[in-house]
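Here are a few exercises on charged side chains, each with a worked solution. Have a go at each task before you read on.

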Amino acid sequence: MAASMWQVLRKQDIMNYWQVSDFVSLVVDMVPELLMFKHRTQLNLGLRVRYIIELCRLEQPSEMILSYLDKMTSTHTTLVKESDDELVKLNFLELIQILLKDPEEKNDFFMEIFPAKYGPQYDSDLQMLFAEFLCRLSQLLPVPDLEQVRDDSKDRSDLQTVPESVLSRT
């Protein structure tokens, strides 16, 4: 699962960034000490911000964009505890409202501000934050020994025969 999430970031598959953020939240909620609060906030908000901006760029319906803004503010209030982070979130919410209401401002944003603020460096920073998350996650997972690998491969071969036996009964 983590490897597929890494591929999403590596390929900059922005339309799946929300799911990556959900994955990060799920893991960090189970193991809070995995990431420092600031790192967790930057990664989750960074992914969600980039996703919502992409929705705006693709001119998705306002209702859809607003529903994601609502999810960002209501379900992940624990993501934003520090005053600086709260200010960033409020500024972002204000920006999205402007982009939704003013086509000229939206055009200017995507021509001038977007490439500078949300361009290659932004993507690189998200990849770096996610790589750190993966590194810490891999440190928590036990490394299987040879016996466990052998047992796992036996289990998989048994699983591969299950569909055939089910099909033969029908």
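**Exercise 1.** Work out how the side chains of E132 and R136 meet, and how they sit relative to each other in helix α7.

*Solution.* Keep in mind that this is a predicted model. Start with the contact: E132 and R136 meet in a salt bridge, with N to O at 2.7 Å. Next, check the helix. Both residues belong to helix α7, which covers residues 120-140. They are four residues apart there, so about one helical turn separates them. Finally, look at the cover: E132 has a relative accessible area of 29% and is partly exposed. R136, at 33%, is partly exposed too.

**Exercise 2.** Find the salt-bridge partner of D22, then say which helices the pair ties together.

*Solution.* First, the partner is R48, and the closest N and O atoms of the two are 2.7 Å apart. Second, place them: D22 is in helix α2 (residues 17-30), while R48 is in helix α3 (residues 37-57), so the bridge ties together parts 26 residues apart in sequence. Third, compare each value with the cut-offs. Buried means under 20% relative accessible area, and partly exposed runs from there up to 50%. D22 comes out at 35%, so call this residue partly exposed. R48 comes out at 0%, so this one is buried.

**Exercise 3.** Do the same for D29: which residue does D29 bridge to, and is that partner buried or exposed?

*Solution.* D29 forms a salt bridge with R40, and here the closest N and O atoms are 2.4 Å apart. D29 lies in helix α2 and R40 in helix α3, so this pair ties together parts eleven residues apart in sequence. As for the partner, R40 has 14% relative accessibility and therefore counts as buried.

**Exercise 4.** How many salt bridges does the structure hold, and which residues are linked in a network?

*Solution.* The total is five salt bridges. For the network, look at R50, E54 and R57: these residues are linked by salt bridges.

**Exercise 5.** Pick out the residues that form a negative surface patch, then take D108 and describe its setting.

*Solution.* Begin with the members: D102, E104, E105, D108 and E112 make up the patch. Now zoom in on D108, which lies in helix α6, residues 103-117. Then test it against the patch rule, which asks for over 30% relative accessible area and no salt bridge. D108 has a relative accessible area of 34% and is partly exposed.

Definitions and conventions:
Residues numbered from 1 in each chain as written. Predicted model: local features only at pLDDT ≥ 70, side-chain atom pairs only at ≥ 80, totals over all residues. Heavy atoms only, no water. Patch = residues over 30% accessible without salt bridge, like charges linked within 9 Å, V, L, I, M, F, W, Y side chains within 5 Å. Areas by Shrake-Rupley, 256 points an atom, 1.4 Å probe, with all protein chains shown as cover. Salt bridge = Lys/Arg side-chain N within 4 Å of Asp/Glu carboxyl O. Lys, Arg positive; Asp, Glu negative; His and termini not counted. Charge placed at Lys NZ, Arg CZ, Asp CG, Glu CD. Helix = DSSP H or I, 4+ residues; strand = E, 2+ residues; numbered from the N terminus. Buried < 20%, exposed > 50% of the residue type's maximum accessible area, 1.4 Å probe, protein only.
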